[in-house]
Amino acid sequence: MQKLNLPDVELKIKSKENKLFIFDPFRKKDILLTPEEWVRQHFANYLVYHKNYPASLTVLERELLLNNTKKRTDIVIYNTLGTPEIIVECKAMDVKITQKTFDQIARYNLKLNATYLIVTNGLEHYFCQMDFEKQQYVFLKDIPNYNHS
């Protein structure tokens, strides 16, 4: 798999029936290794081990019902009250981040009301903070480190 614009992480990869699987420590099971899963695992590890967000508050592939349609958020990090704090939308490395990607995560956030939105393809990362008063997001240089207060 391609090197990403994220810190290196040791991932457990194994082959089963001519397919590669990656062990997901968050879901505690082997997941088929797709380019998007490669990005999702790297970014989740980045948030936990470099930004200090607790693994116990990090959920991958959470189901979300949106207009009677089942969707999945790639990564959601909750605060200690159980409220979504961060939503991350991961795309494969060869997928260009477009307005459509931001529209997708914004739709998810209408339901979740997270403070921070992140869109990444592993090479480019966009960090936004919601301004609920003005109903818009503001771009940030980076996501803040975890603050457990």
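Me: Which residues do ring pairs link into a cluster?

Reply: The cluster consists of Phe102, Tyr126, Tyr137 and Phe139. Rings of Phe, Tyr and Trp (its six-membered ring) pair if their centres lie within 6.5 Å; planes under 30 degrees apart count as stacked, over 60 as edge-to-face, and the rest as tilted. The model is predicted, so local features need pLDDT of at least 70 and side-chain atom pairs pLDDT 80 or more, while totals for chains, interfaces and linings use all residues. Residues are numbered from 1 along each chain as its sequence is written, and side-chain values use heavy atoms, leaving out hydrogens and water.

Me: How many aromatic pairs are there by this rule, and what makes the pair Phe102 and Tyr137 stacked?

Reply: The count is six aromatic pairs. Phe102 and Tyr137 are 5.9 Å apart centre to centre, with 25 degrees between the planes, so the pair meets the distance rule and counts as stacked. Phe102 belongs to helix H2 (residues 99–112) and Tyr137 to strand S9 (residues 136–140), 35 residues apart. Helices (H or I, at least four residues) and strands (E, at least two) are DSSP runs, numbered from the N terminus.

Me: Why is the pair Phe102 and Phe139 called edge-to-face?

Reply: Its planes stand at 75 degrees and its centres are 5.5 Å apart, so the edge-to-face class applies. Since Phe102 is in helix H2 and Phe139 in strand S9, this pair ties together parts 37 residues apart in sequence.

Me: How do you know whether Phe102 is buried or exposed?

Reply: Buried means under 20% relative accessible area, exposed over 50%, and partly exposed in between (1.4 Å probe, protein chains only). Phe102 has 8% relative accessibility, so Phe102 counts as buried. Tyr137, at 23%, counts as partly exposed, and so does Phe139, at 48%.

Me: What makes Lys16 a residue that lies over the face of Phe21?

Reply: A charge sits over a ring if NZ of Lys or CZ of Arg is within 6 Å of the ring centre and within 35 degrees of the ring normal. Lys16 is at 4.8 Å from the ring centre of Phe21, so the distance part of the rule is met.

Me: Why is one side of S1 and of S3 left without a neighbour in the sheet?

Reply: Three strands form an open antiparallel sheet in the order S1-S2-S3. Strands S1 (13–16) and S3 (29–32) are at the edges, so each has a single partner strand.

Me: How do you know that S1 and S2 pair?

Reply: Two strands pair if DSSP finds at least two bridges between them. Four bridges join S1 to strand S2 (residues 19–24), so the condition is met. In S2, Ile22 is the bridge partner of Ile13.
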